[in-house]
Amino acid sequence: MLSFTVLGGAFFRTQVLQNAQYTLQSENNRLREVPLPGARAIIYDRKGEIIAENLPGYSVSILSPTEDSLRSALTTLGKVIPIDQAQQELAVRRFRRAPQRPAVIFNDASFQVVSVLEERRVEFPGLIIQSSPKRYYPDGAAMAALVGYTGEISEAQLALPRYDGYKAGQQIGRQGLEQQYEALLRGKEGRRFVEVDARNRVVRDNGVRPEEQPEAPPPLRTNLDLDLQRFIHEYFGDSLRGGVVAMDPQTGGVLAMYSAPTYDINRFIGGVPVKYYQSLLDDPHTPLFNRALKGTYAPASTWKLATAIIGLQRGLVTMDTHMPQACTGSYYYGRVFKCWDKNGHGDISLAQAIAKSCDVYFYQLGLKIGLRNLIAGGVSLGFRDSTRIDLPDEKRPRWPESVKYFDAKYGPRGWNASVVLSLSIGQADNAQTPLTMARFYSALATDGAAPTPQIVAQPVERTQIVNLPPDKLQGLQLALADVVTRGTAAGAQIQGLTIAGKTGTAQNPPHPDNAWFVGYAPADKPQIVVAVILEEGLHGTAAAKIATKLMERFLKKKLTLVAVTND
Amino acid sequence: MALRRQGIDYPLLLIALLLTAFGIAMVFSAGQTDVPSKTISLLWRRQTAWFAVALVASWAVMRGSVRLIEWSAWPLYLLSCGLLVLVLFVGTGAGTAASVKGWLTIGGVRVGQPAELAKLATTLMLARVLAAQRDVPRSLLELWRPLVVVGIPWMLVMAQPDLGTGIVFIAICFAMLFWSGVPWPLLLMLASPGISLILAFSTGIWGAWFLILVALVLWSRTYLREGVALLLTNVAMGVVAPLLWDTLKPYQQRRLLVFLDPSLDVLASGYQVTQSKVAIGSGGLFGKGFTLGSQKRLQFLPERHTDFIFSVVGEELGFIGVSIALALFLAFFLRSTRVATRANDAFPSLVAFGLVSALFIHVIVNVGMTLNLMPVTGIPLPFFTYGGSFLLVSWIGVGVLLRISAEGRGQPDAIGL
């Protein structure tokens, strides 16, 4: 009698009082959540052209109660469709990370595989085939330096607090915009439920519980101009190497960003084929190296403007100031420092020196400023700072912090004051990326404030780096326009459109010189700043041609051109 | 007193029939799974066929007399002991108890488990021995006869090794000793080595128990030698317990450990109990509906038609169904106990009580097991669990009870049923 009371009580407790808890457990037993991957947000350029979109694709996954049964299922599957050893191991690893979720075998199964499996579905209990959007970049090669790609989240990433809400097997953005704007781009995963039995065989597929549809977030609009990207891509072709950054000098909106040689970023989606990746790694021209964002090069003559600004800011010179010594093709300071033109430029003003890019003038200006002040000036012009562009892994440019830098690097006696000569013409311990040069010229093109480059439009952020009265700044701008109309970049002049800018030829021993051009257009009302580096481009004029074509392409559609005269 | 023939004990018969019908329905339901298994889904038919055989056997027993039953005790006892010895050599395992050689197989067909027959035979034999005893035993030594009667089949069963059935034999033994009038201190002393064995895992508790035992020995004025021997046995048990633990088969150890904490082993031994509790708990008040239990349909619940059939009751018929089943069992036991109290002689009374206690321990252990109140020992649930020989023996037991009831005294009893 007593025993029965105890038993009855125990059943009452279990069935009536703890019913909710056990009902939940029983539901968890029989229901398996099958994730429905959500499409990532579409990425548009400034005109609504598609940079990144999603194509329909299929994923194949399998529910297994144990690792052993997964392995045996994979072996059986392997007799019907090809699954290599690596894929099998990957599926097993995915299973270990999340045994309750279906282990993905193919993230992107071909239609052929899907149709074969659908036909023989009955033989594989637990097999789940479902649509799974696949990322696609219509201009993959032109955009490789920017967009990044998507791939399965790694174990290391899962452990990071940044990826708290993520589950094993989900796709995340890798590099570029995909990584930077992961939070905005990530699709909301939906889910459906299948009923399984104790051996994880799918018993009922549909209607066990209402589905939750995946949701795609609103599209991401960027400042990029896909047309420009394509244009640069075509121009660089297979032979040229280098990097390009084009941006709006007012807002910092990045119009184009390109690194050559490029590669097909589409092949990286969901895991790059090892062979292809190895071929990219083995390429002596390092296509995976993003020159626009990470390539640092001696800015050479393009940096002379900085020397000029520092001189002007300190009141040491005006645009009309002449230097004590006229240019005879070389300058003696402890040793002979050559001007690029061995015939010499004669006795010229600062404005002319900028137009002719006279080294001898800038040597003397540098000496006048002094090493300490030149370095401090470079620091305040932002040559030590990265641009804080909205892309991951930007490379910080190189510029000494103070004189101590030289002591540390070469030893207290390992260098002498002549280093100021090299620095004043943009050589020696100065290495800038196309991005930092574009920022500097943006400040130059406008009111002396440098905008933070942004690919996705955000509130404009400008930092005053050039502190000159408007008339002095304008004098500089006029001298710069003269470079293109008359000076070293004369070949790049486009009729009816005046460009302000500066070429640069940076020594790159033992290789041929690197060619720079940084400039903006139209000269009087700048709308686009372009920085181009051509590796082994020999002379800056080659880079100037690219920049000019690019500006033309951008501006022709936008405004009637205004000619600026500088006589 | 002259025999006054009474009619059949209809209430008892009715309850037993209801229980069996309930049981066959559950065996049917247990066979209904989403991925059908042909053998299991048709087991209810075989169970029904066995039921027909069992009814005939039961009827035959009922037509006999208590004298005949008493006479048959010896041959049955010898036969079952012989069979138990036989299965040790030629027995086969089955189901959860695959490593237990409990089945007698003839020509590839499993005929039955001799242990089931042995339960009945031992009960009869024990009743005979105890009924022959004139005086109430005063010392443990005087209990040697019944102990030998139970000891032989018990050891044979334990050698299979079938721990669950072994427990049943011990339960039968104690219940019948109690019924025959053995005083409780003596029973406690008899049980003391076993209790020592269990309590030895905690030295403190064992020490406390030992003090109680010493007090008991002194108080009941046991013979000196016997008392000393008893205490020494207890000490010895306390010492050998850990050694004995090592001799248990790993799966037996695991079952006992998992009983203490099912979460220890959620995927193996503990899995059964966990799933059983989930099944029962998710049944709620009214259950998921006959044949509709998801735990059962999707085969999360193990041994649905045998050991854990009561979990199916819990899942599909809910607390209401469980209450009805338990109420039927309770009614059955009360009615059978009434038969024992009203038997006209010591032998039938002991037999009736022995049968009741045997079935009772089955029900308590099996039902308790589904909720993890008892360890998983593989003891079947009378009238429910699929299995021919057990159903047959259960119904022969019912037949014996009906016979005894028919020959019993007609006076109203205290319980009033």
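**A buried strand and its sheet in chain A**

In this predicted model, strand β4 of chain A, spanning residues 58–62, is mostly covered, with five of its five residues buried. The covering applies to both faces of the strand: A:Tyr58, A:Val60 and A:Ile62 are buried on one side, while A:Ser59 and A:Ser61 are buried on the other.

The neighbours of β4(A) can be followed strand by strand. With strand β5 of chain A (residues 103–109), β4(A) pairs in the antiparallel sense over four bridges. Two residue pairs help to locate this pairing in the structure: A:Tyr58 has A:Ala109 in β5(A) as its bridge partner, and A:Val60 stands opposite A:Phe106 in β5(A). With strand β6 of chain A (residues 127–131), β4(A) is joined by five bridges, and these two strands also run antiparallel. Here A:Ser59 can serve as a landmark, standing opposite A:Gln130 in β6(A).

Taken together, the three strands make an open antiparallel sheet of chain A in the order β5-β4-β6. Strands β5 and β6 of chain A each have a single partner strand and stand at the edges, so one side of each is left without a neighbour in the sheet. On average, neighbouring strands of this sheet are turned by 20° against each other, with direction ignored.

Another sheet of chain A is also worth tracing. Its three strands follow the order β1-β10-β11, and this open sheet is again antiparallel in its pairing. The edge positions are held by β1 (31–36) and β11 of chain A, each of which pairs on one side only. From one strand to the next, the twist in this sheet averages 55°. Within the sheet, β1(A) and strand β10 of chain A (residues 190–196) run antiparallel and are joined by six bridges. A convenient place to find this pairing is A:Leu31, which stands opposite A:Glu195 in β10(A).

These sheets belong to a chain with many elements of secondary structure: chain A comprises 21 helices and 21 strands. Of its 567 residues, 46% count as buried. Contacts in chain A also link parts that are well separated in sequence. Among those between residues at least 6 apart in sequence, 72% join residues at least 24 apart.

Chain A also touches chain B. The contact takes 24 residues from chain A and 28 residues from chain B. On the chain A side, α1 (2–17) and α2 (19–30) each supply at least two of the residues that touch chain B. The largest share of that side, ten residues, comes from α1(A). By character, the chain A residues at this contact divide into ten nonpolar, eleven polar and three charged.

How far can the picture be trusted from place to place? For chain A, pLDDT averages 86, and 95% of the residues score at least 70. Confidence in chain A is highest in strand β13 (residues 242–247), at a mean of 95, and lowest in strand β11 (residues 202–204), at 78. Over residues 557–567 of chain A, however, pLDDT stays under 50, and the model has 17 contacts beyond four places in sequence for this stretch. Where pLDDT is low, predicted coordinates should not be read in detail.

Notes:
Residues numbered from 1 in each chain as written. Chains lettered and ligands numbered in written order. Predicted model: local features only at pLDDT ≥ 70, side-chain atom pairs only at ≥ 80, totals over all residues. Contact = placed C-beta atoms within 7 Å. Nonpolar A, V, L, I, M, F, W, Y, C, P; charged D, E, K, R; others polar. Buried ≥ 20, exposed ≤ 12 C-beta atoms within 10 Å, placed from the backbone. Pairing = 2+ DSSP bridges. Axes fitted to C-alpha atoms, helices over the stretch in contact; angles between N-to-C directions. pLDDT = per-residue confidence, 0-100.
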